[in-house]
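Got the viewer open? Let's take a walk through this one together.

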Amino acid sequence: MKLLLIEDERQLSDALVALFKQNRYSVDVAYDGESGEEQALTGIYDVIILDIMLPKKNGLQILTSLREENISTPILLLTAKSEVEDKIKGLDYGADDYLTKPFVADELLARIRAISRRKEEFIGNELTFNETKLNKDTHELSYKGNTVKLGLKEFQILEMLMENSKQIIPKETFIEKIWGFDSDAEYNTVEVYISFIRKKLLAINSDMQIKATRGLGYSLEDLQ
């Protein structure tokens, strides 16, 4: 699971990053509202942990902007404020949950697990494009009774394509989402995995294919 933490208190941020990594989460950090919003708008994160009181742009402004841009990533608000009105405002603006500082680490982790599960339940465990299906539990790709197993990176790439089937996804987005901002993976790495997936689509006679748009990225299209 990939997290984005937007928190300007450096000591707290460092402690949370250590906590998340200890629990095998991948995490990126932003220390002000403007850079945090820029990262969040990429749509590559599974959960965003967002402080309300931030320099340059506050958390509620970021939250409003993300929802207006149809970024549906689950968002957990962190704040020192404890008034009921603030909690209501945050939830009305589109937050999925709310945690008041100071908090217990185990509760934060539990809330992250809870809001990520709700998203998975809403999306379901199977993605479809025409009659081609991708099982998110078994990583199996199937078409009319033909089935093939995908490797983890293959699955993650195809999952992104099927969840955003009407969009062109740049290579940079695959690298950031799957390998991480700090990864030394190169763009041709994505090309290699796309090639693997195409061979497996052919193997099951799938009715979809991966289209490469020069200079832009990859998308799905009907197999004519």
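What follows goes from the domains to the cores, then to a pocket and a couple of single residues.

Keep in mind as you look around that this is a predicted model. The domain assignment splits the chain into domain 1, covering 2–122, and domain 2, covering 126–222. Measure between their C-alpha centres and you get 28 Å. Where the two domains meet, domain 1 puts seven residues into the contact and domain 2 puts in five.

Now for the cores. In soluble globular proteins, nonpolar side chains tend to be buried together. Here the largest nonpolar core is made of 26 residues, and Leu141, Leu158, Leu161 and Phe174 are the ones with the most contacts inside it. Plenty of elements chip in: strand 6 (126–129), strand 8 (140–143), helix 6 (152–163), helix 7 (171–179), helix 8 (187–203), strand 10 (208–213) and strand 11 (217–222) each bring at least two residues. Helix 6 is the top contributor to this core, giving six residues. To get a feel for the packing, click on leucine 158: setting aside neighbours within four places in sequence, it is in contact with Leu134, Leu141, Leu150, Ile197, Met208 and Leu220. There is also a second, separate core of 19 residues, with Leu60, Leu77, Ala95 and Tyr98 among them.

Next, some empty space. The second largest pocket holds about 160 Å³. Which residues line the second largest pocket? They are Pro170, Lys171, Glu172, Tyr187, Glu191, Ala212, Thr213, Gly215, Leu216, Gly217 and Tyr218. Sorted by class, that lining has five nonpolar, three polar and three charged residues. Helix 7, helix 8, strand 10 and strand 11 each supply at least two residues of the lining, and each of these elements also supplies at least two residues of the largest core.

Finally, two residues to zoom in on. Is glutamate 37 buried or exposed? Its relative accessible area is 10%, so glutamate 37 counts as buried, the cut-off being under 20%. Glutamate 37 sits in helix 2 (residues 33–40), and, leaving out neighbours within four places in sequence, it is in contact with Ile6, Lys57, Ile62, Ser65 and Leu66. Glycine 145 goes the other way: at a relative accessible area of 72% it passes the 50% mark, so it is classed as exposed. You'll find glycine 145 in the loop between strand 8 and strand 9 (146–149). From there to threonine 132 is 13 residues in sequence and 9.9 Å in space, C-alpha to C-alpha.

Methods:
Residues are numbered from 1 along each chain as its sequence is written. This is a predicted model: local features need pLDDT of at least 70, side-chain atom pairs count only at pLDDT 80 or more; totals for chains, interfaces and linings use all residues. Side-chain values use heavy atoms; hydrogens and water are left out. A nonpolar core is a set of buried Ala, Val, Leu, Ile, Met, Phe, Trp, Tyr and Cys residues joined through side-chain atoms within 4.5 Å. Buried means under 20% relative accessible area, exposed over 50%, partly exposed in between (1.4 Å probe, protein chains only). Helices (H or I, at least four residues) and strands (E, at least two) are DSSP runs, numbered from the N terminus. Contact means heavy atoms within 4.5 Å. On a 1 Å grid over the protein atoms alone, a cavity is a set of points where a 1.4 Å probe fits but cannot get out, and a pocket is an open set with protein on both sides within 12 Å along at least five of seven lines; lining residues have an atom within 4 Å of a point. Grid points are joined across faces, edges and corners, and a volume is the space filled by probe spheres set on the points. Ala, Val, Leu, Ile, Met, Phe, Trp, Tyr, Cys and Pro count as nonpolar, Asp, Glu, Lys and Arg as charged, and the others, Gly among them, as polar. Domain bounds come from an automatic or database domain assignment.
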